Amino acid sequence: MILRHLVHVVSLVLLALAAALLLTSVLALLYADGDAGAFVLTAALTLLLGLVGRRFTSLERDLNVREGYAVVALTWLAIGLVGAVPYLLADVLDSPAAAFFESVSGFTTTGATVFGDIESLPHGILFWRSLTQWIGGMGIIVLGIAILPFLGVGGMQLFQAEVPGPTPERLQPRIAQTAKLLWLVYAGLTAIEAALLMIGGMGPFDAVTHSLTTMSTGGFSPRNASIAAYDSAFIQYVIIVFMYLAGINFALHYRALGRQVSAYARDPEWRLYTVVIAIATVILMAGALVTPLSIAAGTERAFRDALFQAVSLTTTTGYVTFDYELWPASAHMTVLVLFFLGGMVGSTAGGMKTMRLYILLRHGFTELRRSLHPSAVLLTRLGRVPVAEHLLLNVLAFILLYLVMFAVGALLLSMLGSDLTTSISAAASAIGNVGPGLGSVGAVDNYGWLNPASQLVLAFLMLVGRLEVFTILVLFHPDLWRHWKRAGGRRQ
């Protein structure tokens with residue numbers, strides 16, 4: 001039966017999640033803040049669910065594409081629900097909707113939070129928030145493919161359904177090898193950043209949690225003021241560098257480690273990604289230089305704040321060093337645009353991805369030339385390679401559906417009581433997996449004041465954005481269910 005296969009894979013991922021909960025339990029016991037019991041109990045329940053699911057189900061064949069989409073979507077829903085349990089058991093949240101929001105925000109690396117006083121939270125909860133982002137950054141399914149050999153069955157279908165971008169890239173012939181290599185690069189960069197932050201004077205706990213949420217482009221911080229709590233140019237520049245690296249295709253990092261450093265410069269998506277950050281920095285700095293607080297802080301600090309926010313928002317990390325709502329309207333408009341862009345394909349960043357923007361721009365220029373030369377044979381190219389028609393159509397469909405989902409989300413939020421600025425920016429931030437928005441959910445605000453219905457709408461948008469729209473929306477397409485009903489459990 002198809003359902004048996006789905007439950008089996010979800011169960012295997014729950015076993016990996018139970019290990020993460022046990023790790024958090026150990027840390028919570030060491031700090032003895034009173035939240036260890038919540039993680040021990042959640043870990044035990046998750047382990048039990050995983051073992052029961054694995055015991056009574058099986059995966060006897062490859063997953064097909066339909067099943068791959070369903071497995072990924074249902075897995076992310078399951079981990080969102082399980083991840084919410086510690087918040088309720090530790091009694092730091094009393095609303096199931098708020099707990100689910102915080103959990104989904106973590107795993108999808110959105111970084112929007114319902115907590116107003118983060119520094120009052122116990123260390124176990126703070127670490128769990130960061131760990132959920134680190135796990136979600138590279139993807140729970142990719143993690144499963146990397147460390148659970150039995151998930152190698154049908155692994156390519158899972159990989160394609162989850163990895164951000166139109167063309168997931170293999171670094172090795174076997175998809176499990178690719179997943180392992182990506183995770184090694186990911187873990188290595190995280191460790192290097194943690195070491196540099198400690199050299200810069202950040203405490204070990206803060207250094208580790210910030211490294212977990214930087215490389216995942218998540219943005220959760222154990223400090224109320226986010227990175228602004230550390231008045232250190234060294235720390236802020238280190239985080240800028242690693243946010244920038246996290247927004248780059250990890251395949252390029254792997255090649256650079258193999259002494260192919262020129263791979264960065266040869267990649268047209270990397271060039272556009274870097275140019276977008278440079279342009280955003282210039283615009284934001286221009287806004288900072290007319291803001292009294294930034295003027296008083298000096299030119300270097302204005303540049304640092306502008307660069308930090310440009311990188312943070314482009315990569316959808318969501319850290320802040322300055323309340324950008326104090327900058328003029330031109331900066332606000334730039335911030336809103338950055339919510340939609342995102343980092344490169346194959347990175348941990350959210351948004352629509354620079355690759356899609358590049359293809360869309362090149363296609364626009366191609367059509368402009370075609371209007372002048374109607375008889376010419378003109379192709380949209382990615383660098384020197386022509387873009388296949390099916391990929392171009394996929395990009396156009398993705399952007400259309402992405403914008404439709406954003407508009408529907410903003411409309412629902414406004415109907416549920418949010419003002420226009422808050423509704424638009426919150427929807428854009430959620431589907432882009434950014435975190436902070438504008439209005440009542442700005443850089444120094446939180447999402448805890450929203451009603452439960454609004455929080456659930458935003459949690460759904462976070463999942464839609466993290467899973468690249470199609471993976472979630474395909475579950476609502478009647479053809480999927482008609483196919484399964486006709487198949488009657490048989491592969492077609």
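Student: Is R301 buried or exposed?
Tutor: In this predicted model, R301 counts as buried, because its relative accessibility is 18% and the cut-off for buried is under 20%.

Student: And which residue does R301 form a salt bridge with?
Tutor: R301 forms a salt bridge with D231, and the closest N and O atoms are 3.2 Å apart. R301 belongs to helix α15 (residues 299-314), whereas D231 sits in the loop between α9 (204-215) and α10 (233-246), so the pair ties together parts that are 70 residues apart in sequence.

Student: What about D231, buried or exposed?
Tutor: D231 is exposed, with a relative accessible area of 68%.

Student: Which residues are linked with R301 in a network?
Tutor: D231 and D305 are linked with R301 in a network of salt bridges. As general background, side chains of opposite charge can pair when their charged atoms come close.

Student: How many salt bridges are there?
Tutor: The count comes to eight salt bridges. One of them joins E300 and R304, with the closest N and O atoms 2.9 Å apart. E300 and R304 are four residues apart in helix α15, so about one helical turn separates them. E300 is partly exposed at 38% relative accessible area, while R304 is buried at 7%.

Student: Which residue does R356 pair with?
Tutor: R356 forms a salt bridge with E468, the closest N and O atoms being 2.8 Å apart. This pair links distant parts of the chain, since R356 lies in helix α17 (residues 354-372) and E468 in the loop between α20 and α21, 112 residues apart. R356 is buried at 3% relative accessibility, and E468 is buried at 6%.

Student: How far is E468 from G350 in space?
Tutor: The C-alpha atoms of E468 and G350 are 8.7 Å apart, although the two residues are separated by 118 residues in sequence.

Student: New topic. Where is R129, and what does R129 touch?
Tutor: R129 is part of helix α5 (residues 123-138). Beyond its neighbours within four places in sequence, R129 is in contact with several residues, including Y87, E102, F115 and S221. A polar atom of the R129 side chain lies 3.5 Å from the backbone oxygen of S221. R129 counts as buried, with 1% relative accessibility.

Student: Which residues touch the most other members in the largest nonpolar core?
Tutor: They are W128, F339, Y447 and L458, in a core of 139 residues. Setting aside residues up to four places away in sequence, L458 touches F101, L413, A426, A427, A430, Y447 and L450. In soluble globular proteins, nonpolar side chains tend to be buried together.

Student: Which residues form a nonpolar patch on the surface?
Tutor: L400, V404, V408, L411, L412, M415 and L416 form such a patch, with about 620 Å² of accessible area together. Among them, L412 is found in helix α18 (residues 389-415) and is partly exposed at 36% relative accessibility.

Student: Which non-glycine residues have a positive phi?
Tutor: Two examples are A32, with a phi of about 50°, and D91, with a phi of about 65°. Most residues other than glycine have a negative phi. A32 lies in the loop between α1 (2-31) and α2 (36-55), and D91 in the loop between α3 (65-89) and α4 (96-107). A32 is exposed at 61% relative accessible area, and D91 is exposed at 64%.

Student: Lastly, how many helices and strands are there?
Tutor: The protein has 22 helices and two strands. Of its 492 residues, 59% are buried.

Key
Residues are numbered from 1 along each chain as its sequence is written. This is a predicted model: local features need pLDDT of at least 70, side-chain atom pairs count only at pLDDT 80 or more; totals for chains, interfaces and linings use all residues. Side-chain values use heavy atoms; hydrogens and water are left out. A nonpolar core is a set of buried Ala, Val, Leu, Ile, Met, Phe, Trp, Tyr and Cys residues joined through side-chain atoms within 4.5 Å. Buried means under 20% relative accessible area, exposed over 50%, partly exposed in between (1.4 Å probe, protein chains only). Contact means heavy atoms within 4.5 Å. A polar contact is a pair of N or O atoms within 3.5 Å; within protein, one must be able to donate a hydrogen and the other to accept it, and residues adjacent in sequence count only if both atoms are side-chain atoms. Patches are made of residues with over 30% relative accessible area and no salt bridge: like charges are joined within 9 Å, nonpolar side chains (Val, Leu, Ile, Met, Phe, Trp, Tyr) within 5 Å. Accessible areas come from the Shrake-Rupley method with a 1.4 Å probe; for residues, only the protein chains shown count as cover. A salt bridge is a side-chain nitrogen of Lys or Arg within 4 Å of a carboxyl oxygen of Asp or Glu.
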